[in-house]
Amino acid sequence: MTKRAKNLYDPSSTEPFKLSRTKIENFVQCPRCFYIDRRLGVGRPSIPGFTLNSAVDTLLKKEFDAHRIGKRAHPIMDAYGIDAIPYTHEKLDKWRENFHGVQYLHEPTNFLIFGAVDDIWENPAGELIVVDYKSTSKAGEVNLDDHWKDAYKRQMEVYQWLLRRNGFEVQPIGYFVYANGQTDRQAFDAKLEFNLTLLPYEGDDRWVGQALIDIHKCLGSDAIPDYTESCEHCQYRLAANEAESTAKATS
């Protein structure tokens with residue numbers, strides 16, 4: 001049974017409404033599913049947690065933190081010619097927390113926007129560099145070409161937007177530290193080996209502000225948005241409703 005969603009939007013409330021980076025992405029992908037979730041309280045079906053990916057994230061954070069403490073570059077920075085070191089800030093641990101993250105109150109909408117970063121680096125000019133960890137297992141080199149990875153790019157842009165709104169200078173180019181699990185080894189031997197790749201991405205966060213205005217308009221309406229053709233959840237609902245109607249008509 002689908003659990004009723006919490007933190008529902010109330011158009012009459014004057015309290016800031018917490019809106020995560022993930023929920024912004026949900027709206028971009030499908031306003032209808034987003035509305036049913038945040039306004040009506042019925043979220044999309046949950047999926048199992050990616051525990052191996054989480055383990056890679058945790059270990060990468062520990063690894064980069066060791067270099068952060070030593071105020072030195074990680075070897076992958078040197079390998080790719082990145083003139084930076086892991087950034088040190090008293091709020092970094094909070095910025096990494098899933099339900100806290102980097103926060104900013106967007107006054108035009110009264111939305112409290114937040115998103116949890118994986119890492120931040122700093123270049124000699126004092127600009128912050130948003131870094132996101134990703135992991136997979138595929139043959140060949142990893143890249144950002146797949147259309148579904150547009151969500152990764154928007155994810156980085158929201159983090160850049162949040163840091164800029166908090167008064168930080170942010171380098172336009174962020175990086176994905178991509179761990180690719182290797183399957184060409186002769187045996188498992190109780191370990192999984194990864195190749196690390198650093199993928200640059202030049203973000204453009206200008207879309208975020210308009211997206212928040214659109215989200216505010218969406219949530220403030222009593223009309224449910226139309227079905228989204230590219231949304232598999234919407235198409236499932238349509239197909240299921242049609243099948244049920246046909247079954248009832250022929251029974």
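1. In the hairpin formed by β3 and β4, four residues lie between the strands, and asparagine 110 takes a positive phi near 60 degrees. The model is a predicted one, in which local features need pLDDT of at least 70 and side-chain atom pairs count only at pLDDT 80 or more, whereas totals for chains, interfaces and linings use all residues. Residues are numbered from 1 along each chain as its sequence is written, and side-chain values use heavy atoms, with hydrogens and water left out.

2. The two strands of this hairpin run antiparallel and are joined by five bridges, with tyrosine 104 standing opposite isoleucine 113 of β4. Strands are taken as DSSP runs of E with at least two residues, and helices as runs of H or I with at least four, both numbered from the N terminus; two strands pair if DSSP finds at least two bridges between them.

3. The hairpin belongs to an open sheet of three strands, ordered β1-β4-β3, whose pairing is mixed. Its edge strands, each pairing on one side only, are β1 (17-20) and β3 (102-106), and the twist averages 25 degrees from one strand to the next. On the β1 side, β4 (residues 111-115) runs parallel to its neighbour and is joined to it by four bridges, one pair of bridge partners being lysine 18 and leucine 112.

4. Two helices should be considered together with this sheet. Helix α1 (residues 21-29) lies across β1 and β4, running at about 75 degrees to β1, while helix α7 (residues 207-220) touches β1, β3 and β4, its direction making about 125 degrees with that of β4. Such angles run from 0 to 180 degrees between N-to-C directions, with axes fitted as lines to C-alpha atoms, for helices over the stretch in contact.

5. Within α1, the residues Arg21, Ile24, Glu25, Asn26 and Phe27 are buried, a label that requires under 20% relative accessible area with a 1.4 Å probe and protein chains only, where over 50% is exposed and anything in between is partly exposed. The buried residues of α1 pack against β1, α2 (31-38), β4, α6 (150-165) and α7, contact being defined by heavy atoms within 4.5 Å.

6. The axes of α6 and α7 come within 10 Å and cross at roughly 95 degrees. That makes α6 roughly perpendicular to α7, since angles of 65 to 115 degrees are classed in this way, those under 35 as roughly parallel, those over 145 as roughly antiparallel and the rest as oblique. Arg154, Glu157, Val158 and Trp161 of α6 meet Trp207, Val208, Gly209 and Leu212 of α7 in this contact.

7. The largest nonpolar core has 36 residues, and those with the most contacts inside it are Leu19, Phe111, Leu212 and Ile215; its largest share, seven residues, comes from α6. A nonpolar core is here a set of buried Ala, Val, Leu, Ile, Met, Phe, Trp, Tyr and Cys residues joined through side-chain atoms within 4.5 Å. Leaving aside residues up to four places away in sequence, leucine 19 touches Ile24, Phe34, Phe111, Leu112, Ile113, Phe114, Leu212 and Ile215. A second, separate core has 15 residues, including Ile76, Met77, Ile82 and Tyr175.

8. For the chain as a whole, the secondary structure comes to eight helices and eight strands, and 41% of the 251 residues count as buried. Of the contacts with a separation of 6 or more, 67% are accounted for by residues 24 or more positions apart.
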